[in-house]
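Welcome! Here is a short guided walk through a structure you may be meeting for the first time. Take a look at it below, and then read on.

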Amino acid sequence: MPMQIYLPIAEVSVNAFLLLGLGGLVGILSGMFGVGGGFLMTPLLFFIGIPPAVAVATEANQIVASSFSGVLAHVKRRTVDFRMGTVLLIGGLIGAAFGVQLFNYLKSLGQVDLLVKLSYVIFLGIIGGLMFIESLNAIRRANKPGVVAKRKKHNWIHNLPIKMKFRTSGLYISVIPPALVGVFVGVLSAIMGVGGGFIMVPAMIYLLGMPTKVVVGTSLFQIIFVTAFTTLLHATTNYTVDMALAVLLLVGGVIGAQIGARIGVKLKAEQLRILLALMVLAVCGKIALELLLQPSELYSLGAGGGH
Amino acid sequence: MLLRALFFCLAFALPTHAEQVVAGLSQNRVAITANFDGSEILIFGAVQRETPAPTFAPLEVIVAISGPSHAVTVRRKTHQYGIWVNTDAVEVDEAPTFYAVATSGPLDEILLETEDLRHHISVNRAIRSVGAPEEISDSEAFTDAIIRIRMNNGLYQTLDNTVEVSEETLFNTSIALPANLTEGDYTTRIFLTRGGEVIDVFETSIDVRKVGLERWVYNLAHEQPLIYGLLSLFIAIAAGWGASAFFRFLNLRG
């Protein structure tokens with residue numbers, strides 16, 4: 001039964017079941033791998049014809065909601081480093097504000113699609129590639145299950161000023177590196193419509209040396225506030241947050257995440273990681289091809305203005 | 001003064017319009033609701049005349065529906081540094097968001113070029129571009145791109161031979177409005193032509209509006225964007241939290 005729904009802000013009519021299905025599919029993947037899924041959902045929304053500006057802004061809104069119950073669970077388990085989270089958050093808010101400005105500026109130049117696509121190709125390529133190599137190595141060293149990140153006791157980070165004690169993480173380091181990581185993730189959140197967990201989690205483990213058990217909760221804590229801020233910025237400057245789209249994706253997403261979590265426990269960690277790496281690389285490849293191959297339509301239409 | 005003007009109009013209008021068009025639409029308003037999936041407009045009418053119909057050329061009917069016009073920036077990609085990038089841009093001053101022309105015969109045969117210029121009837125004439133930047137020599141390619149892209153989206157339609165004329169008096173046609181409509185007044189013009197000359201025009205408009213929840217959401221997003229943003233967050237969080245609470249409840253029982 002076709003059930004078209006007219007999205008009030010995107011101003012396009014799409015099949016409601018298609019949106020629920022997309023939400024569900026990405027939900028399954030995020031449930032399996034424990035990732036937010038924004039990096040998959042935003043490109044999928046481009047593919048079904050949602051204007052990129054609406055896709056990015058609405059996805060930020062959806063990430064707030066889908067991370068909310070996760071944060072609550074981590075707060076209960078006391079696996080959130082609030083102090084570290086706050087430093088990351090302050091950086092994130094600055095980054096998001098800058099990112100939205102950059103987004104709007106490039107939109108006026110007609111280059112926002114290029115910015116979004118290039119960001120996807122670069123970050124997905126790097127992360128997917130690294131993850132793929134790492135999980136291949138992990139599978140080869142099958143006798144040592146799981147790769148435990150070695151926490152470096154002393155590196156250049158320990159020589160920076162403005163040190164602070166992060167008790168939950170058991171760290172005494174400068175606030176500059178986490179603040180910069182926050183800024184960087186904030187910019188990505190604003191221009192790519194992602195939470196940025198796929199950048200923040202590795203940065204927290206390898207760069208800041210945080211213990212793995214507080215990494216996910218702390219990153220979710222940062223993500224929820226930064227994406228909420230991004231949503232409000234997009235809503236007030238671009239009017240591109242589509243409430244109806246967000247709710248449909250979300251409902252599908254929550255159902256999908258339940259299914260995904262059940263599939264996830266049946267697979268081994270290395271297998272999961274290699275699957276995720278392949279998926280990230282596939283999305284990266286698809287977007288890269290769009291930039292590299294000659295498009296069938298060279299012209300595109302944008303709103304007028306700038307008189 | 002007003003009376004004199006009215007009298008003048010009447011005196012002037014009567015003799016020139018030997019044939020007049022009287023028409024109606026199946027609906028004068030289109031409501032965009034949450035499950036809006038396009039709409040079909042039926043246009044029908046009759047030709048009123050006081051003298052017998054002229055015989056020098058057959059009567060032809062052209063129906064043109066035009067959505068609100070906006071400025072459009074048309075961008076063209078070129079191959080730069082190995083990737084395809086938007087480089088050239090042309091600002092087109094006015095292009096209708098929707099345009100459909102239905103005719104009783106091939107448009108170029110039933111309408112003179114000069115009449116098309118005067119009344120802006122064909123799709124090409126409906127788009128107005130003042131001028132492209134100097135460095136772009138082929139600005140026509142950009143206007144053609146608007147027509148091509150919007151035709152592919154069903155927003156521009158050229159419907160030759162779809163107006164049925166019977167006995168040189170009655171006519172009817174139907175035009176499908178797609179689901180991806182922009183709000184506004186859709187000007188509907190009906191032209192009577194003989195030998196390529198326009199002999200009468202009838203103009204009315206269709207009011208295309210979002211209604212109900214769609215209207216409310218759209219207005220709130222544009223008039224109270226901060227409240228709208230906060231509400232979007234609240235609704236999304238409530239929906240997400242509610243749904244996962246529901247699943248926790250199911251898992252505990254199951």
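A good place to begin is where the two chains meet: 48 residues of chain B are in contact with 46 residues of chain A. On the chain B side, E5, E6, H5, helix H6 (212-223) and helix H7 (225-253) each supply at least two of the residues that touch chain A. Which of them gives the most to that side? It is H7(B), with 15 residues. Please keep in mind that this is a predicted model.

**Chain B as a whole**

Now step back and take in chain B. Its secondary structure comes to 7 helices and 12 strands. The C-alpha atoms fill a box of roughly 85 × 50 × 45 Å along the principal axes. The radius of gyration of chain B is 25 Å, whereas a compact globule of 254 residues would have one near 18 Å. The domain assignment divides chain B into domain 1 (2-210) and domain 2 (224-254), and the centres of these two domains are separated by 46 Å. Of the 254 residues of the chain, 31% count as buried. As for contacts between residues at least 6 apart in sequence, 70% of those in chain B join residues at least 24 apart.

**Two helices side by side**

One helix from each chain is set out here.

| Helix | Residues | Length | Span from first to last C-alpha | Expected span |
|---|---|---|---|---|
| H3(A) | 52-76 | 25 residues | 37 Å | 36 Å |
| H5(B) | 139-152 | 14 residues | 20 Å | 20 Å |

Let us look at H5(B) more closely. Its buried residues are Phe142(B), Thr143(B), Ala145(B), Ile146(B) and Arg150(B). Seen down the helix axis, the buried residues of H5(B) fall within an arc of 150 degrees, so they line one face of the helix. On the other side of H5(B), Glu140(B) and Asn152(B) are exposed.

What do the buried residues of H5(B) pack against? Their partners come from both chains: strand E5 (299-303) of chain A, together with strand E5 (69-80), strand E6 (83-96) and strand E8 (156-159) of chain B. Just after H5(B) comes Gly154(B), which takes a positive phi of about 75 degrees.

Over in chain A, is H3(A) mostly covered or mostly uncovered? It is mostly covered, with 21 of its 25 residues buried. H3(A) also bends by about 35 degrees at Phe68(A). The helix is followed by Arg78(A), whose phi is positive, near 55 degrees.

**Two loop residues to find**

Finally, two residues in chain B loops are worth a visit. His120(B) sits in the loop between helix H3 (113-119) and helix H4 (123-126) of chain B. Its phi is near 50 degrees, a positive value in a residue other than glycine. How does His120(B) count in terms of exposure? His120(B) counts as partly exposed because it has 16 C-beta neighbours inside 10 Å.

Glu167(B) lies in the loop between strand E9 (164-166) and strand E10 (170-177) of chain B. Glu167(B) is not a glycine either, yet it has a positive phi of about 55 degrees. This residue is exposed, because 10 other C-beta atoms lie within 10 Å of its own, and a residue with 12 or fewer is counted as exposed.

Terms used: Residues numbered from 1 in each chain as written. Chains lettered and ligands numbered in written order. Predicted model: local features only at pLDDT ≥ 70, side-chain atom pairs only at ≥ 80, totals over all residues. Helix = DSSP H or I, 4+ residues; strand = E, 2+ residues; numbered from the N terminus. Expected span 1.5 Å × (residues − 1). Bend = angle between axes of the 7 residues up to and from the residue. Buried ≥ 20, exposed ≤ 12 C-beta atoms within 10 Å, placed from the backbone. Rg over C-alpha atoms; globule rule 2.2 N^0.38 Å. Contact = placed C-beta atoms within 7 Å. Arc of directions from axis to C-beta. Domains from an automatic or database assignment.
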